[in-house]
Amino acid sequence: MSLNVELKSVARHYGPVKAVDDVSFSAGPGEVIALVGHNGAGKTTLIKLMLGLARPTAGSVAVLGQDPAAGDASVRRRLGYLPENVSFNPALTGRETLRFYVRLKGGRPREENGLLERLGLAHAADRRVGTYSKGMRQRLGLAQAMIGTPAVLLLDEPTTGLDPELRQQFYGIVREMGTAGATVLLCSHALNELEGNAGRVVIMNEGRKIADGSLDELRHIAQLPTKIRLKTAEDGAQRLREWIGEPARLRQINGHIVEFDATPEEKTAFLRRAADQGAPFIDLDMVPPGLDELYAHFLAGRTLR
Ligand SMILES: Nc1ncnc2c1ncn2[C@@H]1O[C@H](COP(=O)(O)OP(=O)(O)OP(=O)(O)O)[C@@H](O)[C@H]1O
């Protein structure tokens with residue numbers, strides 16, 4: 001598979017601060033990747049390195065096969081970037097703003113109109129940006145990043161200021177971009193919404209990459225327990241408790257719902273036993289560890305490599 005982004009042992013130091021330290025990372029077409037980490041973990045610096053706005057102190061960065069800091073305009077045109085804090089000239093309309101960026105980036109003539117439509121801003125296209133809500137400005141920022149259908153899209157905290165419905169629309173657009181072959185890197189603190197919207201997660205801590213993989217891969221590495229929640233008939237809780245055994249592990253949620261944590265092996269053994277013996281429950285939910293739990297696990301010091 002060809003790679004759209006390839007970082008090899010990259011470091012970026014600012015005096016004594018190791019903003020990025022020995023990070024290797026590659027991404028191919030169609031990958032939607034969540035880049036997560038505490039404040040100051042090095043996420044924005046990584047994005048700046050990929051944009052060519054910062055040069056590595058050590059190691060190499062290649063985006064679309066080129067050094068992004070070398071100033072090759074053809075590579076820059078194929079990169080889309082939504083900064084953390086978008087700011088536009090409030091006196092220009094949405095359409096004028098986008099038209100300006102389309103020209104700057106060498107986009108298609110009148111490309112702004114399709115983008116305004118796609119981002120749900122057509123109705124406000126001729127209003128001044130100064131009158132836009134935060135969510136509208138954010139969508140205008142995304143439209144700007146999508147000019148020229150970029151092969152690599154770098155989005156820093158893209159859903160800040162968007163309400164839940166707009167967030168869903170936003171992730172719909174991100175999925176479409178990924179399906180069309182773009183590499184999308186989403187930098188965010190909103191772990192719960194990244195789950196299900198990013199196929200791969202990269203966790204940064206103090207400039208270093210401490211985990212990298214799909215949620216399933218990270219779950220496999222972390223070996224965190226799955227929550228098993230069982231529902232019984234109104235009068236069946238006691239019988240279920242006795243059947244499961246190990247009362248100390250059980251959490252009684254209410255009169256007929258019991259929950260416990262199971263390692264991957266215990267989960268399989270439990271399901272086998274339930275199928276063989278006809279367990280006394282009427283419904284079962286299994287909740288695997290979420291990204292927030294995996295994040296906490298990897299930050300606790302168990303590094304991937
Ligand atoms: N131009 C700079 N000069 C000095 N230090 C810098 C510079 N840019 C970043 N840093 C430092 O490098 C570290 C990583 O910063 P970076 O902005 O990459 O983190 P981040 O993960 O994006 O954080 P946040 O989630 O708060 O945006 C921080 O300690 C920051 O203060």
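These are my notebook entries on a predicted model of one protein and the ligand in it.

**Entry 1. Overall**

I began with the whole chain. The protein has 305 residues, and 37% of them are buried. I looked up the extent of the C-alpha trace, which is about 70 × 50 × 35 Å along the principal axes. The secondary structure comes to eleven helices and 13 strands. I then took the contacts between residues at least 6 apart in sequence; 70% of these join residues at least 24 apart.

**Entry 2. The record**

I checked UniProt for annotated features. Its unreviewed entry places "domain: ABC transporter" at residues 5–231. Over residues 5–231 I find 33% helix and 28% strand. The C-alpha atoms at the two ends of that stretch are 47 Å apart.

**Entry 3. The three-stranded sheet**

I traced an open sheet of three strands, with the order 2-1-4 and antiparallel pairing. Strand 2 and strand 4 (58–63) are the edge strands, each pairing on one side only. From one strand to the next the twist averages 25 degrees. I looked further at strand 1 (residues 5–14), which pairs with strand 4 in the antiparallel sense over five bridges. Which residue of strand 4 is the bridge partner of Lys8? I find Ser60 there.

**Entry 4. The six-stranded sheet**

I went on to a second open sheet, made of six strands in the order 5-6-7-3-8-9. Its pairing is mixed. Here the edges are strand 5 (79–82) and strand 9 (208–213), each pairing on one side only. Neighbouring strands of this sheet are turned by 15 degrees against each other on average, direction ignored. For a parallel pair I took strand 3 (residues 32–36) and strand 8 (residues 200–205), which are joined by four bridges. Within strand 8, Arg200 stands opposite Ile33. I also noted helix 5 (residues 134–145), which packs on the sheet and touches strand 5 and strand 6. The direction of helix 5 makes about 165 degrees with that of strand 5.

**Entry 5. Helix 1**

I followed helix 1 against both sheets. On the three-stranded sheet, helix 1 lies across strand 1, strand 2 and strand 4, at about 60 degrees to strand 2. On the six-stranded sheet, helix 1 lies across strand 3, strand 5, strand 6 (152–156), strand 7 (183–187) and strand 8. The angle to strand 6 is about 150 degrees. Why is helix 1 largely enclosed by the rest of the structure? Eight of its nine residues are buried, so little of helix 1 is left out of that enclosure. The buried residues are Lys43, Thr44, Thr45, Leu46, Ile47, Lys48, Leu49 and Met50. Just after helix 1, I noted that Gly52 takes a positive phi of about 80 degrees.

**Entry 6. The ligand**

I listed the residues around the ligand: Tyr14, Val17, Ala19, Gly37, Asn39, Gly40, Ala41, Gly42, Lys43, Thr44 and Thr45. The elements that give two or more residues to this shell are strand 2 (17–27) and helix 1 (43–51). Which element gives the most to the shell? Helix 1 does, with three residues. I sorted the shell by type and got four nonpolar, six polar and one charged residue. Lys43, Thr44 and Thr45, listed around the ligand, are also among the buried residues of helix 1.

How values were computed
Residues numbered from 1 in each chain as written. Predicted model: local features only at pLDDT ≥ 70, side-chain atom pairs only at ≥ 80, totals over all residues. Near = placed C-beta within 6 Å. Nonpolar A, V, L, I, M, F, W, Y, C, P; charged D, E, K, R; others polar. Buried ≥ 20, exposed ≤ 12 C-beta atoms within 10 Å, placed from the backbone. Contact = placed C-beta atoms within 7 Å. UniProt positions renumbered as here; feature names shortened; annotations may be inferred. Pairing = 2+ DSSP bridges. Axes fitted to C-alpha atoms, helices over the stretch in contact; angles between N-to-C directions.
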